[in-house]
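Trainee: I have a new structure on my screen and would like to learn how to read it. Could you walk me through it?

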Amino acid sequence: MAASFDGLLLVSPHEPLWVYAELALEPKGLPVRYFASAKEALFWLRDHTPKAILLDTDLDVDPFAVASRIRHVRRLKEVPVAVLIPPSEKLRTTAEVVRVQAMEKPLTREKLYRFLGLAWGFGYTGGRAACGDTPLGPLGGGFGRGGGVG
């Protein structure tokens, strides 16, 4: 049985992005686990189930292929997945086909919070929207509710 990881899995070769995500999410009480390569992240996912996954297009392999592979694992089907992309209609369309959220670069705190279902002024509450049971985001879910992608 895979261990639950109550945080974000960030897969990017850019250490400044790791630091930014950690600084943005630390006040919300949300941990970040990061890997520089998709291979390391996929190996880690064999034994862990994160609350959300963010993949960078600058990975050592195609991030959409990684996302597709993640989507085929029954245990990970409900985990929100986003790919951090440069502004591009082609990449946005690819994300739709793979059924992941396209998040345009640069990454901002607002984009990250929206993806994770976190609202300004509210803290992370371990699987529930911080303002009660009302899910955040247009797809009807905060963390742990199979949505939360905004």
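Mentor: Gladly! Keep in mind that this is a predicted model. Let's begin with a pair of helices: the axes of helix α3 (residues 63–71) and helix α4 (residues 89–98) come within 10 Å.

Trainee: How are two packed helices described?

Mentor: In general, two packed helices are described by the angle between their axes and the distance between the axes. Here, α3 and α4 cross at roughly 15 degrees. Angles under 35 degrees count as roughly parallel, and α3 and α4 are therefore roughly parallel to each other. The crossing in which α3 passes α4 is right-handed.

Trainee: Which residues in α3 and α4 meet?

Mentor: From α3 come F64, A67, S68 and R71, and they meet L91, T94, A95 and V98 of α4. Sorted by character, the residues of this contact are five nonpolar, two polar and one charged.

Trainee: Now the sheet, please. What order do the strands have?

Mentor: The sheet is open, with five strands in the order β2-β1-β3-β4-β5 and parallel pairing. At its edges stand β2 (32–35) and β5 (101–104), each with a single partner strand, so one side of each has no neighbour in the sheet. From one strand to the next, the twist averages 30 degrees.

Trainee: How many bridges pair β3 with β4?

Mentor: Four bridges join strand β3 (residues 48–56) and strand β4 (residues 81–85) in the parallel sense. L55 stands opposite V83 in β4.

Trainee: And which strands does helix α2 touch?

Mentor: Helix α2 (residues 38–45) packs on the sheet, touching β1 (3–11), β2 and β3. Its direction makes about 170 degrees with that of β1. As for α4, this helix lies across β4 and β5, running at about 150 degrees to β5.

Terms used. Residues are numbered from 1 along each chain as its sequence is written. This is a predicted model: local features need pLDDT of at least 70, side-chain atom pairs count only at pLDDT 80 or more; totals for chains, interfaces and linings use all residues. Side-chain values use heavy atoms; hydrogens and water are left out. Axes are lines fitted to C-alpha atoms, for helices over the stretch in contact, and angles run from 0 to 180 degrees between N-to-C directions. Helices (H or I, at least four residues) and strands (E, at least two) are DSSP runs, numbered from the N terminus. Angles under 35 degrees count as roughly parallel, over 145 as roughly antiparallel, 65 to 115 as roughly perpendicular and the rest as oblique. A crossing is left-handed if the near helix is turned anticlockwise from the far one by less than a right angle, and right-handed if clockwise. Contact means heavy atoms within 4.5 Å. Ala, Val, Leu, Ile, Met, Phe, Trp, Tyr, Cys and Pro count as nonpolar, Asp, Glu, Lys and Arg as charged, and the others, Gly among them, as polar. Two strands pair if DSSP finds at least two bridges between them.
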